[in-house]
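Please open the model in your viewer and keep the sequence panel beside it. The stops below move from the whole chain to single residues, with a selection to make at each one.

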Amino acid sequence: ALPIFFRAPEGKWWIDLDFAALEPVVTTELSRDDNMLVIYGPDAKPNDLYLFVASSIPGMGEKVRAIGYDPYNPTKETVARAKKECKRERGIAKTVALAKAYGAGVGKIQQTLALGGLELSYEEVKLICDTYDQLFGKVKDYARSLEYEWRRNGKFVMNAFGRPMAIDEDYLKDAMNRVVQSSGHDLLLKYIRIYTEKLSSEGIWWRPL
């Protein structure tokens, strides 16, 4: 059992607010990428981004699909089984997906994989990165549109809520990640405000920690 570091006083409740996959959902909403909508859209079935990527990589996807996982028609059972039996493949796809979100290139991703004990050649990593870009082409297009917006505006972009974000040119490749993270942060704050206003309107005493 996990240790409990916080306990509510007698007669009180501890409430923890968070979102599942907040940043990927925000990315999906902003880019309207077809495959991202398959995973995180309003009609999405239980799925896993990293298995989705792994199942499409030549030389790797065959194993993931062979156990019954279908990226476009998944079930809770096939997702759970694939996570259990394809840990290496999913781990590679996860590293690539997270690194791509920060604008990392093939060489950097190869180094990151190696540090995690996953030795792949440059050519193998490039193939995986190319596959990722093909799968989520509109995400890449959205990242490019942010660079255009940045240059047009004079070195700043707007997040999903219209909040301007100044970005130094040295960090321009991280623009999409910054927009997604700031939008997710603003969304969480907005939700907390709605939630706490509801508590107050119902006469429920509360205070933040």
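Begin with the whole protein chain in cartoon view, where there are ten helices and two strands, helices (H or I, at least four residues) and strands (E, at least two) being DSSP runs numbered from the N terminus. Read along the sequence, these elements follow the pattern α-α-α-α-α-α-α-α-α-β-β-α, and the C-alpha trace spans about 60 × 50 × 35 Å along its principal axes.

This is a predicted model, in which local features need pLDDT of at least 70 and side-chain atom pairs count only at pLDDT 80 or more, while totals for chains, interfaces and linings use all residues. Residues are numbered from 1 along each chain as its sequence is written, and side-chain values use heavy atoms, with hydrogens and water left out.

Next, colour the chain by pLDDT, the predictor's confidence in each residue, from 0 to 100. The protein chain averages 93, and 99% of the residues score at least 70. Among its elements, helix 6 has the lowest mean pLDDT (93), whereas strand 1 (residues 156–158) has the highest (97).

If you now colour by accessibility, 36% of the 209 residues count as buried, where buried means under 20% relative accessible area, exposed over 50% and partly exposed in between (1.4 Å probe, protein chains only). Contacts, meaning heavy atoms within 4.5 Å, can be sorted by sequence separation: among those between residues at least 6 apart, 51% join residues at least 24 apart.

Select residues 87–101, which make up helix 6. The expected span of a helix is 1.5 Å times one less than its number of residues, so the 15 residues of helix 6 should span 21 Å, and the end C-alpha atoms are indeed 21 Å apart. Show the side chains of its buried residues, Glu89, Arg90, Ile92, Ala93, Thr95, Val96, Ala97 and Ala99, which pack against helix 3 (49–54), helix 4 (61–66), helix 5 (76–85), helix 7 (106–115) and helix 8 (122–135). Just after helix 6, glycine 103 takes a positive phi of about 80°.

Which two residues that are not glycines should you select to find a positive phi? Most residues other than glycine have a negative phi. Alanine 21, however, has a positive phi of about 55°; this residue is found in the segment before helix 1 and, at 35% relative accessibility, counts as partly exposed. Lysine 155, with a positive phi of about 80°, lies in the loop between helix 9 (137–153) and strand 1, and is partly exposed with a relative accessible area of 46%.

Now select helix 1 (residues 22–31) together with helix 10 (residues 175–201), whose axes come within 9 Å and cross at roughly 110°. Axes are lines fitted to C-alpha atoms, for helices over the stretch in contact, and angles run from 0 to 180 degrees between N-to-C directions. The two helices are therefore roughly perpendicular to each other, a term that covers 65 to 115 degrees. On helix 1 the contact is made by Leu22, Glu23, Val26, Thr27 and Leu30, and on helix 10 by Val179, Val180, Gln181, Ser183, Gly184 and Leu187.

Staying in helix 1, pick threonine 28, which is buried, with a relative accessible area of 3%. Leaving aside its neighbours within four places in sequence, threonine 28 is in contact with Asp33, Met36, Leu37 and Tyr40.

Finally, select Phe52, Tyr72, Tyr132 and Phe136, which form one aromatic cluster. The structure holds five aromatic pairs, rings of Phe, Tyr and Trp (its six-membered ring) being paired if their centres lie within 6.5 Å.

Key
Rings of Phe, Tyr and Trp (its six-membered ring) pair if their centres lie within 6.5 Å; planes under 30 degrees apart count as stacked, over 60 as edge-to-face and the rest as tilted. Angles under 35 degrees count as roughly parallel, over 145 as roughly antiparallel, 65 to 115 as roughly perpendicular and the rest as oblique.
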